[in-house]
Amino acid sequence: MATRALVTGAGGFIGHHMVKYLVAAGYWVRGVDVKEPEYEPSAAQEFELLDLRRWDNCLMATRGVDEVYSFAADMGGIGYINEHHVDSARNNVLISTHMLEASRTNGVSRFFFSSSACVYPQYLQSSPDVKPLKEEDASPYDPDEGYGWEKLFTEKLCQYYYEDCGLETRVARFHNVYGPLGTYDGGKEKAPAAICRKVALATPGDEIEVWGDGLQTRSFMHVDDCTEGVFRLLHSEHHQPLNLGTDYLITINGLVDLVSAIAGKPVKRRHNMEGPQGVRGRNSDNSRLRTVLGWEPSILLKDGLDVTFHWIEEQLIKDGSITSSYSGTS
Ligand code: NAD
Ligand code: GDD
């Protein structure tokens, strides 16, 4: 009989891709979210609209499943999480706490929690030339306000459910995930999708707005590497938090240049120094990831961004924001 999995946040970016991954692997999947996926129907055999801040809904969502993949969260890019400390901390603590207890109550065997690089201390991320962050660097604690504190608390809760209740919890700290079928406008979008949208909307030679001086750095992981890593981690014996990201560091200006080259469209940058910027630099140390999984993300940023840019451009053509794909060269 097929393994039965629950994917929460299945109407969102990573959850939607995780459903596709699991169904392709032969799983029976129940997807749960407060909304349907925006860009294409879910591949889940069953999809339920439930608000997982509520205990009764978490009990219903976890009935009869072997594995839980927990992606439901009130989240967005730095512009959103900086402005919504109460929403992200309160909503996510309710979702995570009820989901863990409901999973224990319903006898789930394995539980995956999507944590974030936002748990790492801000004092270690004050330079663009940041030292890649190792898992043990999380303490002494100084995570991102609101959103980062909830992730840290739920990491501990996963540890307690493993130690006290025997629930096989697994935790990955995602480093900025991008790819097609992700939010690209409306305020929750992260830098790769935002820059793709801005370049796609620009006419050649236009200025696009970039938050900060663009010298801040990040590493970015394609969503297909993310789902692969999640699946491998959940079926490993590693029950401590693990980085899941690439260790290819790039400036935001570098990201703009890459997207501009993919589009074949030159753009100028207008730096908005009032824009939200988050940490100055953030990178993943993948030493433990390699040891534990014998694997690490491998999709090159230029290749992943190529697919992502063209998907976003296609959406903008469909909604009438642009008339056609730009075919010039830079
Ligand atoms: P997303 O916003 O696309 O998906 C999250 C989904 O959760 C949304 O569809 C939303 O409707 C749903 N949700 C929110 N509140 C809910 C509720 N009360 N009940 C049921 N569903 C609810 O985000 P994503 O990028 O797919 O992120 C998935 C997970 O990975 C989140 O936990 C996020 O914190 C984590 N994460 C993502 C990134 C990234 O770069 N995308 C980085 C670090 C961590
Ligand atoms: N979103 C966005 N939009 N960011 C921009 C833009 C823009 O138009 N222009 C420049 N940036 C810069 C931001 O100022 C920030 O310095 C950098 O790009 C990255 O921004 P985001 O992708 O929005 O967020 P983040 O990397 O700071 O944090 C994200 O990743 C974490 C995991 O690594 C968030 O999505 C967190 O929720 C997530 O946990």
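In this predicted model, 26 residues surround ligand 1, and the closest of them are I14, D33, D51, Y147 and V177. Sorted by class, the shell around ligand 1 holds 13 nonpolar, seven polar and six charged residues.

Three polar contacts of ligand 1 can be described individually. Each involves an oxygen atom of the ligand: a polar side-chain atom of Y147 lies 2.6 Å from such an atom, a backbone N or O atom of V177 lies 2.8 Å away from one, and a backbone N or O atom of A73 lies at 3.2 Å. On its own, ligand 1 has 820 Å² of accessible area, and the protein covers 92% of it. Two or more residues of the shell around ligand 1 come from each of α1 (13-24), β5 (110-116) and α5 (147-165). The largest share belongs to β5, which gives three residues.

Ligand 2 has its own shell, made up of 25 residues, with S116, K198, R218, P276 and Q277 the closest. By class, 13 residues of the shell around ligand 2 are nonpolar, seven are polar and five are charged. The polar contacts of both ligands are set out below.

| Ligand | Ligand atom | Protein partner | Distance |
|---|---|---|---|
| Ligand 1 | oxygen | Y147, polar side-chain atom | 2.6 Å |
| Ligand 1 | oxygen | V177, backbone N or O atom | 2.8 Å |
| Ligand 1 | oxygen | A73, backbone N or O atom | 3.2 Å |
| Ligand 2 | oxygen | R218, polar side-chain atom | 2.8 Å |
| Ligand 2 | oxygen | G76, polar backbone atom | 2.9 Å |
| Ligand 2 | nitrogen | W211, polar backbone atom | 3.0 Å |

Taken alone, ligand 2 exposes 710 Å², of which the protein buries 98%. The elements that supply two or more residues to the shell around ligand 2 are α3 (78-83), α6 (191-201) and β8 (207-211). Among the contributors to this shell, α6 has the largest share, with three residues.

The placement of ligand 2 relates to the domain organisation. The chain is divided into domain 1 (4-175 + 223-244) and domain 2 (178-218 + 248-282 + 299-318). Because domain 1 and domain 2 both give residues to the shell around ligand 2, this ligand lies between them.

The C-alpha centres of domain 1 and domain 2 are 25 Å apart, and their contact takes 28 residues from domain 1 and 25 residues from domain 2. The size of an interface is often given as the accessible area lost when the parts come together. For domain 1 and domain 2, the buried area is about 2,000 Å², with carbon and sulfur atoms giving 62% of it. On the domain 1 side, F13, Y39 and P128 supply 31% of the area buried against domain 2, more than any other three residues.

Two features of the backbone remain to be noted. Most residues other than glycine have a negative phi, and most peptide bonds are trans. The peptide bond from S139 to P140, however, is cis, with omega near -5°. P140 is located in the loop between β5 and α5; β5 and α5 are also among the elements that give two or more residues to the shell around ligand 1. L181, a residue other than glycine, has a positive phi, near 70°. L181 is placed in the loop between β7 (177-178) and α6, and α6 is the element with the largest share of the shell around ligand 2.

Note on methods. Residues are numbered from 1 along each chain as its sequence is written. Chains are lettered from A and ligands numbered from 1 in the order in which they are written. This is a predicted model: local features need pLDDT of at least 70, side-chain atom pairs count only at pLDDT 80 or more; totals for chains, interfaces and linings use all residues. Side-chain values use heavy atoms; hydrogens and water are left out. A residue is near a molecule or strand if one of its heavy atoms lies within 4 Å of it. A polar contact is a pair of N or O atoms within 3.5 Å; within protein, one must be able to donate a hydrogen and the other to accept it, and residues adjacent in sequence count only if both atoms are side-chain atoms. Accessible areas come from the Shrake-Rupley method with a 1.4 Å probe; for residues, only the protein chains shown count as cover. Helices (H or I, at least four residues) and strands (E, at least two) are DSSP runs, numbered from the N terminus. Ala, Val, Leu, Ile, Met, Phe, Trp, Tyr, Cys and Pro count as nonpolar, Asp, Glu, Lys and Arg as charged, and the others, Gly among them, as polar. Domain bounds come from an automatic or database domain assignment. Contact means heavy atoms within 4.5 Å. Buried area is the accessible area (1.4 Å probe) that two parts lose on being put together, summed over both.
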